[in-house]
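Let's take a walk through this structure together. Please keep the sequence and the 3D view at hand as you read.

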Amino acid sequence: MKKILLFLVLLTTSATTFAQEKVAQIEFKEKEINYGNIAKGSDGVRTFEFTNTGDAPLVVSKVYSSCGCTIPKKPEDPIAPGQTGIIEVKYDTKRVGPIKKTITVYSNAKDNPTIALRISGIVENKTEQSVLMKKTSIMDKK
């Protein structure tokens, strides 16, 4: 009888242990980056930092952008529980005008396997602006 009772206790304990599923979770420090007003040709690289808040390795499988002017780069290795990683985003700042792009991140995170990150801002052509400002100031003097 003692052996049967011991067996049942061990069976219950091991079943409970195996029932606790280890999962990865992803939490971003920020989900949107505003470049502000930047000059044409300036550095367009920004980074999104995230943490694996789960208890299993986090794998970022794919990262896509909404257009070819934005190039995202994902981490190649799994992110261990409690560790941080980055997703690097490079916007082509040779394109003058407003920036409003979405970067989609796919991972093995249990609660949120797909996350949308956003970048925004304005790329200005400083040389065109200064010519315009000179013309305006000449017109103001007349």
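What follows goes from the overall layout to the two sheets, and then to some side-chain contacts and the disulfide.

A word on conventions first: this is a predicted model, where local features need pLDDT of at least 70, side-chain atom pairs count only at pLDDT 80 or more, and totals for chains, interfaces and linings use all residues. Residues are numbered from 1 along each chain as its sequence is written, and side-chain values use heavy atoms, with hydrogens and water left out.

The chain has two helices and eight strands. Here helices (H or I, at least four residues) and strands (E, at least two) are DSSP runs, numbered from the N terminus. Along the sequence they follow the pattern α-β-β-β-β-β-β-β-β-α. Of the 142 residues, 30% count as buried, where buried means under 20% relative accessible area, exposed over 50%, and partly exposed in between (1.4 Å probe, protein chains only).

Now to the sheets. Strands of a sheet pair through backbone hydrogen bonds, either parallel or antiparallel. In this text, two strands pair if DSSP finds at least two bridges between them. One open sheet has four strands in the order β1-β3-β6-β5, with antiparallel pairing. Its edges are β1 and β5, each with a single partner strand, so one side of each has no neighbour in the sheet. Neighbouring strands here are turned by 25° against each other on average, direction ignored; for such angles, axes are lines fitted to C-alpha atoms (for helices over the stretch in contact), and the angles run from 0 to 180 degrees between N-to-C directions.

At one edge of this sheet, β1 and β3 pair in the antiparallel sense over three bridges. Phenylalanine 28 has phenylalanine 50 in β3 as its bridge partner. The structure holds three aromatic pairs, and these two residues form one that is tilted, with 5.4 Å centre to centre and 50° between the planes. (Rings of Phe, Tyr and Trp, the latter by its six-membered ring, pair if their centres lie within 6.5 Å; planes under 30 degrees apart count as stacked, over 60 as edge-to-face and the rest as tilted.) The pair links distant parts of the chain, since phenylalanine 28 in β1 (residues 26–28) and phenylalanine 50 in β3 (residues 45–52) are 22 residues apart. Phenylalanine 28 is buried at 9% relative accessible area, and phenylalanine 50 is buried at 0%.

At the other edge, β5 (residues 70–73) pairs with β6 (residues 84–91) in the antiparallel sense over four bridges. Proline 72 stands opposite valine 89 in β6. In a regular strand the side chains alternate between the two faces of the sheet. In β5, Thr70 and Pro72 make up a covered face, while Ile71 and Lys73 make up an uncovered one.

The other open sheet also has four strands, in the order β2-β8-β7-β4, and its pairing is mixed. β2 (32–39) and β4 (60–65) stand at its edges with a single partner strand each, so one side of each is left without a neighbour in the sheet. The twist averages 20° from one strand to the next. β2 and β8 (residues 114–124) pair in the parallel sense over six bridges. The bridge partner of alanine 39 is glutamate 124 in β8. Glutamate 124 counts as buried, at 15% relative accessibility. The side chain of glutamate 124 also meets that of asparagine 37 in a polar contact of 3.0 Å (a pair of N or O atoms within 3.5 Å; within protein, one must be able to donate a hydrogen and the other to accept it, and residues adjacent in sequence count only if both atoms are side-chain atoms).

What about charges and rings? Lysine 62 lies over the face of tyrosine 106, at 5.9 Å from the ring centre, and the charged end of arginine 46 sits over the ring of tyrosine 35, 4.2 Å from its centre. A charge sits over a ring if NZ of Lys or CZ of Arg is within 6 Å of the ring centre and within 35 degrees of the ring normal.

Finally, a search of the whole structure finds one disulfide, defined as a pair of cysteine sulfur atoms within 2.5 Å. Cysteine 67 and cysteine 69 form it, with their sulfur atoms 2.2 Å apart. The link is left-handed, with -65° about the S-S bond. Cysteine 67 is partly exposed at 22% relative accessibility, whereas cysteine 69 is buried at 4%.
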